[in-house]
Amino acid sequence: MPMDALCLSAVRRETEQAVLGGRIDKIHQPSRDEILLHIRSKTGACRLLLTANPARPRMQLTQLPRENPAEPPMFCMLLRKYLTGGKILELRQPPMERLAELVIEASNEMGDKVIRRLILEAMGRRTNLLLLDGEGRIVDCLRRVDVDLSQENARPLLPGMFYKYPPMQPGKLDPETMTPEDRTALLASSPMDAPADKFLMDHFLGLSPLIAREAAFEAFGEVDAPVGRDPEKLLEKVDAILEKLQEGSVQPTLLVREGKPVDFSFRPILQYGPGTENRAFDTFGDLLDTFYQARETADSVRQKGQDFIKSLTHARDRLTRKMAMQEKELERTKNREQDRMYGDLITANLYRMEKGMKVLRAENYYDPDCAEIEIPLDPLKTPQQNAARYYKAYTKAKTAEEMLTIQLEKGAAEGAYLDSVLDSISRAEGDRDLEEIRQELVETGYLRRKGKAKDRMKRSHSKPMEFRSSAGFRISVGRNNLQNDKLTTKQAGKWDYWFHTQKIHGSHVILWTEGEKPDDRSLQEAAVLAAWFSQGREGKKVPVDYTPVKFVKKPAGARPGMVVYTTYQTAYVDPDEELVKKLKT
């Protein structure tokens, strides 16, 4: 859900305890819509994330690492110029607004102390991030808005203009400041047959659909009951929610359905019943990191890897069409025995044939009943030439079968390789992972090489993911096919254990034994890692093959990540995200 005004208020209270009085040490812009402030304060260092992505606008403290681009964007450079070293004096939020405002004391070019404001408007498609000077003028904003001033409620956002808060939604009341007279007038003028949640959404500021439905559920036991059932009770429930929020009585809650995060709130949500789990978190920072991590990683990979995802998809489609044609040709070669039979029968009946015959009628001695058969002939050829023509067709079909079988095997291997690369892309965690996959595709000929040789030499490589089993054994997981190759064929010793999902694309996993015999629990945990980092992540009882590395071989000429193995065992495990997090080093 987009962060509503009430949830933002709870997040703001948690955030200001960590950042007030702190100084901005570093500023990064990991992606187009994200600003990350590294802050030093008396309570310690923290990182404040301001996200102006219209699909997930928010402010939060974060612990997740984020990769930064090689060249910082212009907006990031601007913030560094004006805010680095600045002291955070205040963190504001206008009543019932999805807006957070950092008031910062910084130094100007002359070394004098000045006030600047960094404002996050977390308002859906109008989400924006703005830097203001001490007089309230816009220095710059993440998204410049140039509109026709003749339009009603027009609000341009351009450098040099004075900033104004977004206009309040007309006809809506602030439930925190509503007077008894306002309440009486509202109930008197509203239709009592309207659904309770829609009534709250239409008349009050700051309430999200989730909280409006929850208030209706607490009042009436259902979310779509009419407000006229007991309007006073409905408003009392809203008052109770706001009162607890003002008292700071909140509980960061993640809503989980079928094992997947579906929403979050500042309080437990009961409207969905037992089918949805309310998972409590200690902080909103941890809650939001958990909720958004997988979504943002998938979106980032989809955007940044779109060019070679498209190339791979086209290559796989071409391969599919090519293999379909080869299979049809292979099917036609199965009739070659008839050509050989015709050649034999013509040879056996040469004495009965003359040049110019169009058909040979003869007994088929391959048939148990020796039934008569008609063999088409080329009248322009001699009997011997007709026999040779059928023998040649037979030989050609036999050779074609051998070659087509080989080509189909190669095509199947290439298709499996392309699928494995697409699987690696889906599990990429950042720019560095994507760049290594791009390099792999360049080396295998699917993409053209970009950049100068000097730039390629400077390119840093990511390392495999590292884990530690409960018994202390080190476990490495490859991020892509190049890392899988390096781990399995170059780094692992013959007594280390290799793990991979059975007939499912995924990472190579190495359990480093250092000459010791691994315990059953470590083997089980390594198998869970192999299942999690594979296409079987969403499944149950995923088969994972494992064997000492000495039984794993890479065939000559095989694509990156392709190996064969023997003398293995199979474990059936359930992918477990919590165990993966626990084993992460």
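**Close-up 1. Cys-76, a buried cysteine without a disulfide partner.** In this predicted model, Cys-76 counts as buried because its relative accessibility is 0%. Which cysteine holds the sulfur closest to that of Cys-76? That is Cys-141, and its sulfur is 16 Å away, which is too far for a bond. A disulfide is a covalent bond between the sulfur atoms of two cysteines. Here a pair of cysteine sulfur atoms has to lie within 2.5 Å to count as a disulfide, and by this rule the model has 0 disulfides. For another cysteine to look at, turn to Cys-370: with 40% relative accessibility, Cys-370 counts as partly exposed.

**Close-up 2. The open sheet formed by strands 15, 16, 18, 17, 19 and 22.** If you trace the sheet from one side to the other, its 6 strands come in the order 15-16-18-17-19-22, with antiparallel pairing. Strand 15 (465-468) and strand 22 (569-573) are the edge strands, and each of them pairs on one side only. From one strand to the next, the twist averages 25°. As a reminder, strands of a sheet pair through backbone hydrogen bonds, either parallel or antiparallel.

**Close-up 3. Strand 16 beside strand 18.** Strand 16 covers residues 474-477 and runs antiparallel to strand 18. How many bridges join strand 16 to strand 18? There are 4 bridges between them. A handy landmark is Arg-474, which stands opposite Trp-512 in strand 18.

**Close-up 4. Helix 13 and helix 14 lying across strands of the sheet.** Helix 13, made of residues 481-491, lies across strand 16, strand 17 and strand 18. Its angle to strand 18 is about 35°. Helix 14 lies across strand 15, strand 16, strand 17, strand 18, strand 19 and strand 22. Relative to strand 17, helix 14 runs at about 40°.

**Close-up 5. Lys-503 and Lys-541, two loop lysines with positive phi.** Where is Lys-503 placed? You will find Lys-503 in the loop between strand 17 (497-501) and strand 18 (509-512). Although Lys-503 is not a glycine, its phi is positive, at about 60°. Lys-503 counts as exposed because its relative accessibility is 83%. Now move along to Lys-541, in the loop that links helix 14 (520-532) and strand 19 (542-548). Lys-541 is not a glycine either, yet it has a positive phi of about 50°. With a relative accessible area of 54%, Lys-541 is exposed.

Methods. Residues are numbered from 1 along each chain as its sequence is written. This is a predicted model: local features need pLDDT of at least 70, side-chain atom pairs count only at pLDDT 80 or more; totals for chains, interfaces and linings use all residues. Side-chain values use heavy atoms; hydrogens and water are left out. Buried means under 20% relative accessible area, exposed over 50%, partly exposed in between (1.4 Å probe, protein chains only). Two strands pair if DSSP finds at least two bridges between them. Axes are lines fitted to C-alpha atoms, for helices over the stretch in contact, and angles run from 0 to 180 degrees between N-to-C directions. Contact means heavy atoms within 4.5 Å.
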